[in-house]
Amino acid sequence: MLKKISPILSPDLLKVLAEMGHGDKLVIGDANFAAAAMARGSILIRCDGLKATDLMDAILDLFPLDDFVDDPVKLMDKEPRHADLECPVWDEFKRIVAKYDSRGADACTMLSRKEFYKEAKEAYAVIATTETAFYACAILQKGCL
């Protein structure tokens with residue numbers, strides 16, 4: 001156990017966060033996200049029993065977001081067939097980002113599911129959570145200290 005570091009961040013995850021460099025991307029996937037398939041060319045970290053929002057909050061306490069790009073946080077958007085589906089997790093993600101980045105919700109953008117998968121396949125690492133909220137997937141792009 002370490003002081004001032006959230007206990008939900010496993011040693012494996014902390015190692016990945018430390019290894020990542022400027023511009024590298026980290027995916028936080030919900031329980032329905034094809035994390036293992038997306039991580040075939042990268043690193044898969046399992047975080048079973050954790051919510052995507054709790055994990056994002058703990059990660060962003062340590063992880064600088066990229067200020068060389070306008071939107072270092074990408075959220076998976078709904079499919080058109082789910083237009084009426086409520087996704088309150090997006091507001092929670094944006095609130096968490098605003099806690100750590102002066103751009104607030106403007107640091108976030110929405111990606112179609114197809115575009116999200118395309119970017120996720122290129123990520124440095126993919127985290128699999130057991131988050132059950134729909135469309136609770138995010139990509140974080142690391143910045144500089």
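Accessible areas were obtained by the Shrake-Rupley method with a 1.4 Å probe. On this basis, the accessible surface of the protein chain amounts to about 7,800 Å², and carbon and sulfur atoms hold 51% of that area. The structure is a predicted model, and the values reported here were computed from its atoms.

The protein chain contains five helices and six strands. Read from the N terminus, the elements follow the order α-β-α-β-α-β-α-β-α-β-β. Along the principal axes, the C-alpha atoms occupy a box of roughly 45 × 30 × 25 Å. The radius of gyration of the protein chain is 14 Å, which agrees with the value near 15 Å that a compact globule of 145 residues would have. Of the 145 residues, 44% are buried. Among contacts with a separation of 6 or more, 87% join residues that are 24 or more positions apart. The side chains include 19 positive and 24 negative ones, and a distance of 3 Å lies between the centres of the two sets.

Two helices were examined for burial. Helix α3, spanning residues 52-60, is mostly covered, with seven of its nine residues buried. These buried residues are Ala-52, Thr-53, Leu-55, Met-56, Ala-58, Ile-59 and Leu-60.

In helix α5, which comprises residues 113-120, the buried positions are Phe-116, Tyr-117, Glu-119 and Ala-120. Viewed down the axis of α5, these buried residues fall within an arc of 165 degrees, so they line one face of the helix. Lys-114 and Lys-118 are exposed on the other side of α5. The packing partners of the buried α5 residues include both helical and strand elements: α2 (35-38) on the one hand, and β1 (25-29), β3 (73-76), β4 (108-111), β5 (125-129) and β6 (138-141) on the other.

Several individual residues outside the helices and strands were also considered. Arg-103 is located in the loop that connects α4 (88-100) with β4. Its relative accessible area is 24%; since buried residues have under 20% and exposed residues over 50%, Arg-103 is therefore classed as partly exposed. When residues up to four places away in sequence are not counted, Arg-103 touches Leu-65, Asp-66, Asp-67, Val-69, Asp-70 and Pro-72. Three of the residues named in this set are aspartates, namely Asp-66, Asp-67 and Asp-70. Pro-80 lies 23 residues from Arg-103 along the chain, and the C-alpha atoms of these two residues are separated by 28 Å.

Positive phi values were found at two residues that are not glycine. For Lys-4, phi is near 65 degrees. Lys-4 belongs to the segment before α1 (11-19). With a relative accessible area of 79%, Lys-4 is exposed. For Tyr-135, phi is positive at about 55 degrees. Tyr-135 is placed in the loop between β5 and β6. The relative accessible area of Tyr-135 is 9%, and this residue is buried. The two backbone positions thus stand in contrasting surroundings, Lys-4 being exposed and Tyr-135 being buried.

Note on methods. Residues numbered from 1 in each chain as written. Predicted model: local features only at pLDDT ≥ 70, side-chain atom pairs only at ≥ 80, totals over all residues. Heavy atoms only, no water. Helix = DSSP H or I, 4+ residues; strand = E, 2+ residues; numbered from the N terminus. Rg over C-alpha atoms; globule rule 2.2 N^0.38 Å. Buried < 20%, exposed > 50% of the residue type's maximum accessible area, 1.4 Å probe, protein only. Contact = heavy atoms within 4.5 Å. Lys, Arg positive; Asp, Glu negative; His and termini not counted. Charge placed at Lys NZ, Arg CZ, Asp CG, Glu CD. Arc of directions from axis to C-beta.
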